[in-house]
Amino acid sequence: MAEIIVVTSGKGGVGKTTTSASVACGLARRGKRVVVIDFDIGLRNLDLIMGCERRVVYDFVNVIQGDCTLRQALIKDKRLETLHVLAASQTRDKDALTAEGVKRVLDELIADGFDYILCDSPAGIEKGAHLAMYYADRAVVVVNPEVSSVRDSDRILGLLASKTQRAEQGNGGVKEHLLLTRYNPRRVASGEMMSVDDVKEILGLDVIGVVPESPDVLAASNAGVPVIFNDDSDASRAYDDAVARLLGESLPLRFLEEPKRGFFARIFGG
Amino acid sequence: MGLLALFRRTPSSASVAKERLRIIVAQERSARGGPDYLPLLRRELLQVIHKYVNVDPEAVQINLGQDEGHEVLELSVALPEKNRA
């Protein structure tokens, strides 16, 4: 049975699409059949991060409106056999996405035998964000250790607990996880940035991953190769750990402390 | 900087952030699930109270709770000290 996972946050620019792309690749790399769907209607971007922007022919709204079949719109990843992307439409018509249409597409993907359906939510709490979370079994709430992001995440947690099918049916609700991105251990140590424990305590959720702030993330999006493929990067290792935890492994969190510096570097700074 | 930090009196900006978030998140959570009119009710009650007593908006607490199966709207106003009023 497929599991539907929404990647959401409320606030924009915290790393939802980066996370969706890397988690999708991580799951597919472990042999799972994965489809990742861009719900940001009007502002398509997942295709760029995945590096398949020139192969988009049909999109999510085309499938909903019956302009093409689902199979025609699924873009097969060039790196991983079992990974597919469903691009967002660039229409300005926000009503193009309907609850029935989304359900129809999800049902077809489930019937097709996918193991994981990742829904990359747009920022905000409008229709696209609502529909991205509505049918979810689990939610990965992406948060930066920063006041507005944490507050918006709590708002999203409130919506997950009330405005989703699982919440309405009362069967246990959506299972929620936190994923911290742009974590800077040096600034945490100096008291300039909230720690994982601070964020965990405020939001009261388990943490499925902590991705350190890293120049590799921008380099990855520049290249259209999700950062999880960069074997030399701590961000990649952190995402791979998060994928393992999603699959039920229990691993300790890594990269919470800054790499040890030499004696002289510590004395003289630098 | 390492040694200096030990003697620093002012709290770190991270702990200020945490404290502010703890308060606002608790407040927003308590309003969640309540009726939509609660914020407006709170504002209007505050205006009425303000006509008679000069209270700080922070001194008015409105909570919706459950008590033996009944919904209870609890209003608590901390009045200012007499000599200041």
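## A buried histidine in strand 7

A:His177 sits in strand 7 of chain A, the strand that covers residues 175-183. Bear in mind from the start that this is a predicted model. Is A:His177 buried or exposed? Its relative accessible area is 2%, and because the cut-off for buried is under 20%, A:His177 counts as buried.

What surrounds this histidine? Setting aside residues up to four places away in sequence, A:His177 touches A:Arg138, A:Ala139, A:Val140 and A:Val141. Its other contacts of this kind are A:Leu205, A:Asp206, A:Ile208 and A:Leu246.

## Further along strand 7

Strand 7 of chain A also holds A:Arg182. With a relative accessible area of 46%, A:Arg182 is partly exposed, whereas A:His177 is buried. There is something else to look for in the backbone here: A:Arg182 has a positive phi of about 55°, although it is not a glycine.

A:Asn184 belongs to the loop between strand 7 and helix 9 (185-189) of chain A. A:Asn184 counts as buried, at 15% relative accessibility. Leaving out residues up to four places away in sequence, A:Asn184 touches A:Met193 and A:Glu213.

## Another positive phi

A:Phe255 also has a positive phi, of about 60°, and is not a glycine. You will find A:Phe255 in the loop between helix 12 and helix 13 (263-268) of chain A. Its relative accessibility of 18% makes A:Phe255 count as buried.

## Helix 1 meets helix 12

Two packed helices are described by the angle between their axes and the distance between the axes. In chain A, helix 1 (residues 16-29) packs against helix 12 (residues 234-246) at an angle of about 65°. Their axes are 9 Å apart, and the crossing is right-handed.

Which residues bring the two helices of chain A together? Helix 1 contributes A:Thr18, A:Thr19, A:Ser22, A:Val23, A:Gly26, A:Leu27 and A:Arg29. From helix 12 come A:Tyr239, A:Asp240, A:Val243 and A:Leu246. Sorted by class, this contact between helix 1 and helix 12 of chain A has five nonpolar, four polar and two charged residues. A:Leu246, one of the residues from helix 12, is also among the residues that A:His177 touches.

## A closer look at A:Thr19

A:Thr19 lies in helix 1 of chain A and is one of the residues that meet helix 12. A:Thr19 counts as buried, at 0% relative accessibility. Not counting residues up to four places away in sequence, A:Thr19 is in touch with A:Val7, A:Val142, A:Leu179, A:Thr181 and A:Tyr239.

How do distances in sequence and in space look for this threonine? A:Thr19 and A:Glu249 are 230 residues apart in sequence, and their C-alpha atoms are 19 Å apart in space.

## The nonpolar cores

In soluble globular proteins, nonpolar side chains tend to be buried together. The largest nonpolar core in this model has 58 residues, and A:Phe60 and A:Ile117 touch the most other members. Which element gives this core its largest share? Helix 7 (residues 147-160) of chain A does, with five residues.

A:Ile117 has contacts with many parts of the sequence to trace. Apart from neighbours within four places in sequence, A:Ile117 is in contact with A:Ala2, A:Glu3, A:Ile4, A:Ile5, A:Val35, A:Ile37, A:Leu106, A:Leu109 and A:Ile110. There is also a second, separate core of 38 residues, including A:Cys25, A:Val34, A:Val56 and A:Val142. A:Val142 has come up before, as one of the residues that A:Thr19 touches.

## A histidine in helix 6

A:His130 lies in helix 6 (residues 127-134) of chain A. At 31% relative accessibility, A:His130 counts as partly exposed. A:His130 and A:Phe39 are 91 residues apart in sequence, and in space 9.7 Å separates them, C-alpha to C-alpha.

## Turning to chain B

How many helices and strands does chain B have? Chain B has three helices and two strands, and along the sequence they follow the pattern α-α-α-β-β. Of the 85 residues in chain B, 15% are buried.

Among the contacts in chain B with a separation of 6 or more, 30% involve residues 24 or more positions apart. The accessible surface of chain B comes to about 7200 Å², and 55% of this surface belongs to carbon and sulfur atoms.

Definitions and conventions. Residues numbered from 1 in each chain as written. Chains lettered and ligands numbered in written order. Predicted model: local features only at pLDDT ≥ 70, side-chain atom pairs only at ≥ 80, totals over all residues. Heavy atoms only, no water. Core = buried A, V, L, I, M, F, W, Y, C linked by side-chain atoms within 4.5 Å. Buried < 20%, exposed > 50% of the residue type's maximum accessible area, 1.4 Å probe, protein only. Helix = DSSP H or I, 4+ residues; strand = E, 2+ residues; numbered from the N terminus. Contact = heavy atoms within 4.5 Å. Axes fitted to C-alpha atoms, helices over the stretch in contact; angles between N-to-C directions. Left-handed = near helix turned anticlockwise from the far one by under 90°. Nonpolar A, V, L, I, M, F, W, Y, C, P; charged D, E, K, R; others polar. Areas by Shrake-Rupley, 256 points an atom, 1.4 Å probe, with all protein chains shown as cover.
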